[in-house]
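User: I should like to learn how to read the features of a protein structure. Could you guide me through one?

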Amino acid sequence: MSAEGKAENTDNQEEFVSKLMKEFEGSKVRSGEFREGMDRLCEAMEDEILNSNFSDDIKKQMMKRLRRFKTTKTNIMLVGATGCGKSSTINALFSVESAADKSDSTDDDYHYVEVAKVGTKADPETKVIEKYTIGNLTLWDTPGLGDSTDEDESHTKVIEDLLDEEDDEGNALIDLVLVVLEGASKDLGTTYKIMNDIIFPRFEDDPGRVLVALNQSDIAMKTGRHWDYEKNIPDETLVAFLEEKVKSIHDRILEDSGIEVDPVYYCAGYMEAETGEVVRPYNLSKLLLCIVNAIPPVKRIAVFEGLNTDSENYEYNDNDYGSDVSESFFDTVGDIMEGGMELGHAVLGLPGAIVGGVLGAAVGVVAGLFQKIFC
């Protein structure tokens with residue numbers, strides 16, 4: 001290519017990069033924007049692979065990984081007692097896009113809608129197993145346990161059958177089981193029984209695919225709330241109580257099943273029915289990090305694509321987990337480009353560096369979206 005042709009190509013690329021970056025401006029992540037950013041990143045990665053100097057065999061291997069990255073489905077099952085907050089947890093972490101007419105809509109027309117219905121302890125919504133699909137992510141909200149012996153037997157069979165189901169490749173359909181425990185409850189016997197008799201035996205070769213989480217941590221103590229509503233965090237007394245409770249859960253599971261778990265406590269967020277006071281989610285970033293780290297990198301992209309991108313949901317935690325969540329995503333991208341291709345830049349934790357270019361811009365867009373969500 002002549003020097004004049006190269007200059008023209010560079011100008012066209014710079015114009016495209018500038019347009020790409022401008023499309024994702026703004027302080028908040030619009031619903032569907034993450035999916036758009038991912039589509040652009042995949043397109044840029046495909047072009048980078050095809051235009052590289054690698055051999056045809058290496059290109060084929062990388063394209064195969066990229067296709068898996070774009071199409072692999074992920075299935076997460078939630079299990080727990082009635083009223084523990086499985087549906088609330090789904091809605092805090094995940095959302096679907098809704099707009100009356102996307103072609104004519106503005107940013108304000110996009111909003112998040114609940115994936116799962118939320119009931120009360122007296123009238124639980126999840127009577128039977130509910131299936132929610134968001135892109136390549138499927139969430140299975142199982143019926144609440146502990147209402148009656150007969151219902152528990154029926155619900156246990158539903159859980160058992162789903163755990164035994166296989167995907168098209170003959171692998172277990174369920175990639176991850178999230179067991180949600182109610183923070184204020186002392187009677188967790190039914191859930192422990194399900195874990196010991198049904199869940200753990202099916203994951204004895206990979207127990208890390210079972211997560212145990214303690215929801216409603218803000219009301220865990222019967223002797224008082226011990227919750228700082230202004231800062232949306234537990235006070236020292238409640239922190240000590242929660243730490244002791246998750247240790248007790250760990251010890252009991254280890255004694256009963258021989259399985260090591262590291263429970264996480266959190267609050268899915270809710271509105272007080274009587275006062276109308278809103279309690280924002282707490283430790284949701286920590287729970288999300290546990291989820292993505294418990295599944296293979298190729299399965300993670302589906303989780304990220306289905307995320308509720310309301311940054312306020314991830315604002316309050318006992319530590320900063322946002323950068324770790326972002327890094328887990330870019331580890332997945334790095335896995336696709338495995339084989340020596342330089343990708344991204346140092347701030348993303350990826351090898352090598354691309355200065356400018358469409359791929360660099362696409363990586364930067366997705367990185368920027370993560371920063372908006374987990375700032």
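**Reading a fold**

Analyst: Let us begin with the secondary structure. In this predicted model, the chain contains 11 helices and 12 strands.

User: How many residues does the chain have, and what percentage of them count as buried?

Analyst: The chain has 375 residues, and 48% of them count as buried. About 18800 Å² of the chain is exposed, with carbon and sulfur atoms supplying 46% of that area.

User: How should I read the contacts along the sequence?

Analyst: One considers how far apart in sequence the partners lie. Of the contacts between residues at least 6 apart, 69% join residues at least 24 apart.

User: What holds the strands of a sheet together, and in which order do the strands of the open sheet run?

Analyst: In general, strands of a sheet pair through backbone hydrogen bonds, in a parallel or antiparallel manner. Here, an open sheet of 6 strands follows the order E4-E5-E1-E6-E7-E10, and its pairing is mixed. Its edge strands are E4 (130-134) and E10 (264-265), each of which pairs on one side only.

User: In which sense do E4 and E5 pair?

Analyst: E4 and E5 (residues 137-141) are antiparallel, with 5 bridges between them. Within this pair, Thr133 stands opposite Thr138 of E5.

User: Which helices pack on the sheet?

Analyst: Helix H4 (residues 86-93) packs there, touching E1 (74-80), E4, E5, E6 (176-182) and E7 (210-215). The direction of H4 makes about 145° with that of E1. Helix H9 (residues 297-305) also packs on the sheet, where it touches E1 and E5. For H9, the angle with the direction of E1 is about 70°.

Notes:
Residues numbered from 1 in each chain as written. Predicted model: local features only at pLDDT ≥ 70, side-chain atom pairs only at ≥ 80, totals over all residues. Heavy atoms only, no water. Helix = DSSP H or I, 4+ residues; strand = E, 2+ residues; numbered from the N terminus. Buried < 20%, exposed > 50% of the residue type's maximum accessible area, 1.4 Å probe, protein only. Contact = heavy atoms within 4.5 Å. Areas by Shrake-Rupley, 256 points an atom, 1.4 Å probe, with all protein chains shown as cover. Pairing = 2+ DSSP bridges. Axes fitted to C-alpha atoms, helices over the stretch in contact; angles between N-to-C directions.
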